[in-house]
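Here is a friendly walk through some strand pairings and charged contacts. Please keep the structure open beside you as you read.

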Amino acid sequence: MQGDIDKDGTADLLATSAQPTGPYPESLVWFPIPARPKAATKWPANVLAQQDAPGLTHYIGVGDVNNDGRLDAATGAKGGPTATSAGEWFAWWEAPEQPQQAWEKHLISDQEPGATNIHPADVNGDGKMDFIASRGHGKGVIWFEAPKWQCHDIDSNLQEPHCLAVVDMDADGDIDAATCAFGDKIVIWYENDGQGNFTSHLIGENQEAYDIRIVDLDLDGDFDLLVAGRASNNVAWYENPRL
């Protein structure tokens, strides 16, 4: 994930180590891009969560959760039998005024088996930052309503929606979501009515995939979906029909 963490006008990179080993065990780190990134042998690392992200974390979402003008970070940890420490949670980290310092962790939920993906977004248009999330090694796409993080189902039955993209897919002014579920082998997007009620739209079948990206591939002004197949052994893109 990328975002301008230090407010210098250039995007920085955020990463999670996931594993309990390595130089940043069970930690979250952000890397400012060097002036000459191709020539740099090592990028400077800023640990925002020092061994404070256990349980096999996955993707990172970025956004200003508390409306203080700083980008915060969120992630989820799948847990399960291969985890060496407690997982099955979603949480967000509050960025301090000096982002090189440690960030403050806030738990969203610790009852999320298979948690992989979470993104901040104002789902219901009330001016507060909510979260849209997926349990990519479990079941379900959900959203958490601010400020008490009440959980709402978007799709309670979807098997292993490993990835998640959050964007206004249909250009109607509210935030939608898209995923590819490697368990159910489908690509699907969820249309938000602006109040947090979602309608599902099936895009592709027989697509066993782990990752998805939203990008305007054909430069026609709308968002398409790019999917990296795993067992389907392909890379596929789905053109937005300009709904």
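## Strands and salt bridges

Ala-209 stands opposite Gly-229 in strand S18. Strands here are DSSP runs of E, at least two residues long, numbered from the N terminus. This is a predicted model, in which local features need pLDDT of at least 70, side-chain atom pairs count only at pLDDT 80 or more, and totals for chains, interfaces and linings use all residues. Residues are numbered from 1 along each chain as its sequence is written, and side-chain values use heavy atoms, leaving out hydrogens and water.

Back to S18 (residues 224-229): 6 bridges pair this strand with S17 in the antiparallel sense. Two strands count as paired if DSSP finds at least two bridges between them. An open sheet of 3 strands is formed in the order S17-S18-S19, with antiparallel pairing. At its edges are S17 (209-215) and S19 (235-238), each pairing on one side only. From one strand to the next, the twist averages 20°, where axes are lines fitted to C-alpha atoms and angles run from 0 to 180 degrees between N-to-C directions.

Now look at strand S7 (residues 89-94). Strand S7 is largely enclosed by the rest of the structure, because 5 of its 6 residues are buried. Buried means under 20% relative accessible area, exposed means over 50%, and partly exposed lies in between (1.4 Å probe, protein chains only). Strand S6 (residues 72-77) runs antiparallel to S7 and is joined to it by 5 bridges; Ala-77 has Trp-89 of S7 as its bridge partner. Another 5 bridges join S7 to S8 (residues 104-109), also antiparallel, and here Trp-93 stands opposite Lys-105 of S8.

Lys-105 also takes part in a salt bridge, with Asp-52. A salt bridge is a side-chain nitrogen of Lys or Arg within 4 Å of a carboxyl oxygen of Asp or Glu, and the count by this rule comes to 5. Three of them are listed here, including their N to O distances:

| Acid | Base | N to O distance |
|---|---|---|
| Asp-52 | Lys-105 | 3.8 Å |
| Asp-68 | Arg-70 | 3.1 Å |
| Glu-208 | Arg-230 | 2.8 Å |

Asp-52 sits in the loop between S4 (46-49) and S5 (57-63), 53 residues from Lys-105. Asp-52 is partly exposed at 28% relative accessibility, and Lys-105 is partly exposed at 30%.

Glu-208, in the loop between S16 (198-205) and S17, and Arg-230, in the loop between S18 and S19, tie together parts 22 residues apart in sequence. Is Glu-208 buried or exposed? Glu-208 is buried, at 8% relative accessibility, whereas Arg-230 is partly exposed at 39%.

Technical notes. Helices (H or I, at least four residues) and strands (E, at least two) are DSSP runs, numbered from the N terminus.
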